[in-house]
Amino acid sequence: MNFYYHPASPYCRSVMLVAKALNLNLNTIFVDLMKDEQLRPSYTALNPFHCVPTLVDNDLTLWESRAILVYLVDKYGRTNSRLYPKDPRSRAIINQRLFFDHGTLSERLEDYYYPLYFDGAPAGGEKLEKLEEALHLLDGFLTNNPYAAGPNVTLADYSLVATVSTLEVIEYDLSKYPAVAAWYEGCKGLMVDFHAINDEGMEQYRAYLKSGLQPTAY
Ligand SMILES: N[C@@H](CCC(=O)N[C@@H](CS)C(=O)NCC(=O)O)C(=O)O
């Protein structure tokens, strides 16, 4: 499987964590976002949304990290893997958390910190309030359950942990959300090769944000 990625991208790191949990080998192909390699025609032919990650598995080309997570478990996971069980109720909750992460938490996070780093916007304000509303919801999920979608680690945790890693990158103080903070630390110990997969990419992302260089697609 060819996996087009950049280590700084949290969405790529979530896929790499799940591939590791499933003991899958990804043929990683570095896409240098700093050089706008994602805009090259050879890449946009694969992914017209010109983003990483993209997975190519034989005749299937897939982008959107959460769709890739689901595909990997459906195709390569054990039958009825706990990461994404087949029963509709469990799946419904996992899907709800995945869509919450995609459509709300990661969106609100980007809405807040992109202007902070790239436009010199002041900290705080309405965008932070919206982000904190989403974090409050996540804290609620994790107060009622040890993991994002219930008693077991699921794809929801792998998706959300990547988003929360960006809060660490921007040095956001998670202590206001004690259940999120405790779960995040727990995931670091529990997810196979968490540090090997995340640490360097998070460091690169931190350096990039501090450089204030605006991404082309922003
Ligand atoms: N919703 C997408 C987001 C992917 C995304 O925004 N990737 C960024 C890196 S973190 C990217 O490739 N940006 C370059 C571009 O959009 O041109 C996913 O989860 O896969």
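By contact I mean heavy atoms within 4.5 Å. With that settled, start at Leu 155. This is a predicted model, and in it Leu 155 touches Val 18, Leu 69, Val 70, Val 73, Leu 83, Tyr 84, Ile 94 and Leu 98, leaving out residues up to four places away in sequence.

Leu 155 is also part of something wider. The largest nonpolar core has 71 residues, and Leu 155 is listed among those with the most contacts inside it, together with Leu 138, Leu 167 and Trp 183. Helix 4, residues 88-118, supplies the largest share of this core, nine residues. Where does the core lie with respect to the two domains? Domain 1 (2-79) and domain 2 (88-195) both contribute residues, so the core lies between them.

Now the domains themselves. The domain assignment splits the protein chain into domain 1, residues 2-79, and domain 2, residues 88-195. Their centres, taken over C-alpha atoms, are 21 Å apart. Domain 1 puts 14 residues into the contact and domain 2 puts in 18 residues.

UniProt has its own entries here, both from an unreviewed record. The annotation "domain: GST N-terminal" covers residues 1-80. That span is 35% helix and 20% strand, with its end C-alpha atoms 22 Å apart. For "domain: GST C-terminal", the UniProt record lists residues 87-209. Over residues 87-209 the chain is 76% helix and 0% strand, and the end C-alpha atoms lie 41 Å apart.

Back to the interface. The size of an interface is often given as the accessible area lost when the parts come together. Between domain 1 and domain 2 the buried area is about 1300 Å², and carbon and sulfur atoms give 63% of that. Which residues of domain 1 lose the most area to domain 2? They are Leu 17, Lys 20 and Arg 66, together 42% of what that side buries.

Two of those names come back when we turn to charge. The salt-bridge rule gives twelve in total, and it finds three across the interface of domain 1 and domain 2.

Take Lys 20. The side chains of Lys 20 and Asp 193 meet in a salt bridge, 3.4 Å from N to O. Lys 20 is in helix 1 (residues 10-21) and Asp 193 is in the loop between helix 7 (178-190) and helix 8 (194-211), so this pair ties together parts that are 173 residues apart in sequence. How accessible are the two partners? Asp 193 counts as partly exposed, at 36% relative accessibility. Lys 20 is partly exposed too, with a relative accessible area of 36%.

Next, Arg 66. The pair here is Arg 66 in helix 3 and Asp 101 in helix 4, which links parts of the chain 35 residues apart. In this salt bridge the closest N and O atoms are 2.9 Å apart. Are Arg 66 and Asp 101 buried or exposed? Both are buried.

A third salt bridge has a more local setting in sequence: Lys 188 and Glu 185 are three residues apart in helix 7, so about one helical turn separates them. Their closest N and O atoms are 3.3 Å apart. Lys 188 is buried, with a relative accessible area of 15%, while Glu 185 is partly exposed at 48%. Salt bridges that share partners join Glu 185 and Lys 188 with Glu 168 into one network.

Last item, Pro 85. Pro 85 sits in the loop between helix 3 (65-76) and helix 4. Why is Pro 85 called buried? Its relative accessible area is 14%, and buried means under 20%. Pro 85 touches Asn 80, Ser 90, Arg 91 and Ile 94, again not counting residues up to four places away in sequence. Ile 94 is also one of the residues that Leu 155 touches. Pro 85 and Thr 154 are 69 residues apart along the chain, and 8.6 Å separates their C-alpha atoms.

To pull this together: a core of 71 residues lies between domain 1 and domain 2, three salt bridges cross the interface of those domains, and Pro 85 is buried in the loop between helix 3 and helix 4.

Technical notes: Residues numbered from 1 in each chain as written. Predicted model: local features only at pLDDT ≥ 70, side-chain atom pairs only at ≥ 80, totals over all residues. Heavy atoms only, no water. UniProt positions renumbered as here; feature names shortened; annotations may be inferred. Helix = DSSP H or I, 4+ residues; strand = E, 2+ residues; numbered from the N terminus. Core = buried A, V, L, I, M, F, W, Y, C linked by side-chain atoms within 4.5 Å. Buried < 20%, exposed > 50% of the residue type's maximum accessible area, 1.4 Å probe, protein only. Domains from an automatic or database assignment. Buried area = accessible area lost by both parts, 1.4 Å probe. Salt bridge = Lys/Arg side-chain N within 4 Å of Asp/Glu carboxyl O.
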